[in-house]
Amino acid sequence: MSTQAPIRRNTHQVQIDHIAVGSESPVIVQSMTNTDTADAAGTAQQIKALSDAGSEMVRITVNSPEAAGKVAEIRRRLDDMGCNTPLIGDFHFNGERLLQEFPDCAKALSKYRINPGNVGKGVKGDEKFAYMIRTAAEHDKAVRIGVNWGSLDQSLAKRMMDANLASANPKSPDEVMKEALIVSALESAQKAVDLGLPENKIILSCKVSAVQDLIQVYRDLGARCRYPLHLGLTEAGMGSKGIVASTAALAVLLQEGIGDTIRISLTPEPGSPRTQEVVVGQEILQTMGLRSFTPMVTACPGCGRTTSTVFQELARDIQQYLREQMVVWRAQYPGVESLNVAVMGCVVNGPGESKLADIGISLPGTGETPVAPVYVDGQRKVTLKGDNMAAEFLAIVQEYVETHYGEGGAKRSSIRIIPIKAS
Ligand code: SF4
């Protein structure tokens with residue numbers, strides 16, 4: 001794991017129940033449900049699944065009286081399941097009315113997301129924004145002021161476009177729109193502070209859907225305030241495109257210390273679990289060496305030396321097994337998230353990589369003797385052979401976890417989170 005910790009941009013600390021967001025804390029992974037919030041049972045189940053996958057906060061849409069009327073029940077159901085993950089309410093056009101009509105909803109949420117671009121126009125819009133902010137302050141809730149490219153405050157955009165046209169050195173319309181995003185977030189935050197919401201209750205975001213734009217906007221936004229930033233590429237897309245685009249944008253910013261909580265906005269493939277966005281968020285942070293969440297499997301890509309699929313299946317099964325076990329292991333075996341397992345396809349790099357991992361297996365390549373040496377802490381422990389290699393290897397992993405991360409284990413609690421430095 002890298003020891004070059006990026007220096008985090010210095011921010012206020014925002015407390016959201018037991019989760020702290022800001023430069024003194026690790027970067028927090030959050031996600032959003034895609035259930036109908038009015039379906040309290042279904043929404044609570046999905047929040048639990050997201051939480052079990054490692055989502056440290058979960059956002060739900062609160063878009064109608066039917067949805068707002070179920071938020072307190074969702075919180076209760078989660079508490080009954082032993083799930084204390086903070087809930088964030090995503091409000092748009094009618095947020096102030098819903099908070100007014102459903103005080104239980106206002107209380108049950110831990111944070112409100114407000115989009116200044118669609119609370120309404122003019123005096124009416126200002127009043128609605130003020131009501132939501134005052135409600136947050138009254139209930140001691142945090143707020144994310146979330147500006148979005150697709151729903152930018154049009155009156156602000158027009159005002160800035162007009163001023164640009166009248167200036168001696170006009171910027172390109174694209175530059176003005178990016179500036180408008182940032183100004184919308186900063187002006188809204190200042191309004192919230194003027195309305196009585198403390199600065200350490202405010203998180204900002206300015207989401208766009210193009211990688212270079214996101215990097216530019218967040219660098220600029222980050223340099224102009226001390227609010228923690230919620231980072232994410234909006235409408236990232238589906239499958240590998242969404243993952244790659246999100247990773248490309250977030251990795252650059254996180255490496256510069258920008259970003260205090262992340263959400264990966266993947267469009268789920270039909271039938272794929274919602275939890276994929278949590279896994280991707282965790283893997284970005286873990287592969288960058290910023291946090292550890294789940295034991296990682298190092299696997300070679302395979303080549304002409306591995307003509308069977310045995311090693312691909314073993315690498316997949318082990319990663320899946322490790323991730324599934326984390327629901328229980330997280331509490332039972334502190335530090336296990338930094339375990340490193342290697343699954344290699346042949347003798348060329350297999351023994352070497354296996355020795356470097358905590359546990360490694362080097363499978364036989366084509367034409368090699370059908371045996372698989374297993375290395376534990378750099379030493380050859382056993383050689384597996386036959387059809388039951390996968391199960392025998394998983395038993396070795398389980399035993400290693402129990403002896404090294406269980407009570408009295410040498411690696412227990414040795415959580416390798418790189419210390420966070422604030423500039
Ligand atoms: S370790 Fe062996 S099987 Fe894997 S990529 Fe290298 S040469 Fe190919």
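Modeller: Let's start with one working rule: two strands count as paired if DSSP finds at least two bridges between them. One caution before we go on is that this is a predicted model.

Biologist: Fine. Which residue in strand 18 is the bridge partner of Val376?

Modeller: Gln379 is the partner of Val376 in strand 18. The two strands involved, strand 17 and strand 18 (residues 379–385), run antiparallel and share six bridges. Strand 17 has a neighbour in strand 16 (residues 359–362) too, with three bridges between them, again antiparallel. There, Val376 of strand 17 sits opposite Ile359.

Biologist: What about the turn of the hairpin: how many residues lie between strand 17 and strand 18?

Modeller: Two residues lie between the strands, and Asp377 in this hairpin has a positive phi near 50°.

Biologist: How do I read burial for a strand, and how many of the six residues of strand 17 are buried?

Modeller: You go residue by residue, and buried means under 20% relative accessible area. In strand 17 (residues 371–376), five of the six residues pass that test, so the strand is largely enclosed by the rest of the structure. Take Pro373, which belongs to strand 17. Its relative accessible area is 10%, so Pro373 counts as buried.

Biologist: And how far is Pro373 from Thr383, C-alpha to C-alpha?

Modeller: Those two C-alpha atoms are 4.1 Å apart, although the residues are ten positions apart along the chain. As for side chains, the general idea is that in a regular strand they alternate between the two faces of the sheet.

Biologist: Now a bigger sheet. In what order do the eight strands of the open sheet come?

Modeller: You read a sheet's order from neighbour to neighbour, not along the chain. Here the order is 9-8-7-6-5-4-12-10, with parallel pairing. Strand 9 (202–207) and strand 10 (230–231) are the edges; each has a single partner strand, so one side of each has no neighbour in the sheet. For strand 10, the link is to strand 12 (residues 261–262), through two bridges in the parallel sense. His230 pairs there with Thr261.

Biologist: Is Gln30, in strand 4, buried or exposed?

Modeller: Gln30 sits in strand 4 (residues 28–32). With 1% relative accessibility, Gln30 is buried. From Gln30 to Ser51 the C-alpha distance is 9.0 Å, with 21 residues of sequence separation.

Biologist: Ser51 is handy, as I wanted to ask about pockets. Which residues lie nearest the centre of the largest pocket?

Modeller: With a pocket, look at volume, then lining, then chemistry. The largest pocket holds about 490 Å³ of space. Its lining has 24 residues, and those nearest the centre are Ser51, Gly54, Glu56, Arg291 and Arg330. Helix 1 (40–53) and helix 12 (310–332) are the elements that give two or more residues to this lining. Helix 1 makes the largest contribution, with three residues. By class, the lining has eight nonpolar, ten polar and six charged residues.

Biologist: And closed spaces: how many cavities of 30 Å³ or more turn up in the whole structure?

Modeller: Two. The second largest has a volume of about 40 Å³. Its lining is Leu266, Thr267, Pro268, Pro273, Arg274, Gln276 and Glu277. Strand 13 (266–267) and helix 11 (276–287) each give at least two of those residues. The lining splits into three nonpolar, two polar and two charged residues.

Biologist: Which residues are around the ligand?

Modeller: For a ligand shell, list the residues, then sort them by class. Around this ligand you find Cys300, Gly302, Cys303, Arg305, Thr306, Met344, Gly345, Cys346, Val348 and Asn349. That shell has five nonpolar, four polar and one charged residues.

Biologist: Last one: which residues does the UniProt annotation "domain: IspG C-terminal" cover?

Modeller: The unreviewed UniProt entry gives residues 297–398 for that domain. That span is 39% helix and 25% strand, with its end C-alpha atoms 14 Å apart. The unreviewed UniProt entry also places "domain: IspG TIM-barrel" at residues 11–281. Over residues 11–281 you get 48% helix and 17% strand, and the end C-alpha atoms are 21 Å apart.

Definitions and conventions:
Residues are numbered from 1 along each chain as its sequence is written. This is a predicted model: local features need pLDDT of at least 70, side-chain atom pairs count only at pLDDT 80 or more; totals for chains, interfaces and linings use all residues. Side-chain values use heavy atoms; hydrogens and water are left out. On a 1 Å grid over the protein atoms alone, a cavity is a set of points where a 1.4 Å probe fits but cannot get out, and a pocket is an open set with protein on both sides within 12 Å along at least five of seven lines; lining residues have an atom within 4 Å of a point. Grid points are joined across faces, edges and corners, and a volume is the space filled by probe spheres set on the points. Helices (H or I, at least four residues) and strands (E, at least two) are DSSP runs, numbered from the N terminus. Ala, Val, Leu, Ile, Met, Phe, Trp, Tyr, Cys and Pro count as nonpolar, Asp, Glu, Lys and Arg as charged, and the others, Gly among them, as polar. Buried means under 20% relative accessible area, exposed over 50%, partly exposed in between (1.4 Å probe, protein chains only). A residue is near a molecule or strand if one of its heavy atoms lies within 4 Å of it. UniProt positions are given in the numbering used here, feature names are shortened, and annotations may be inferred rather than shown by experiment.
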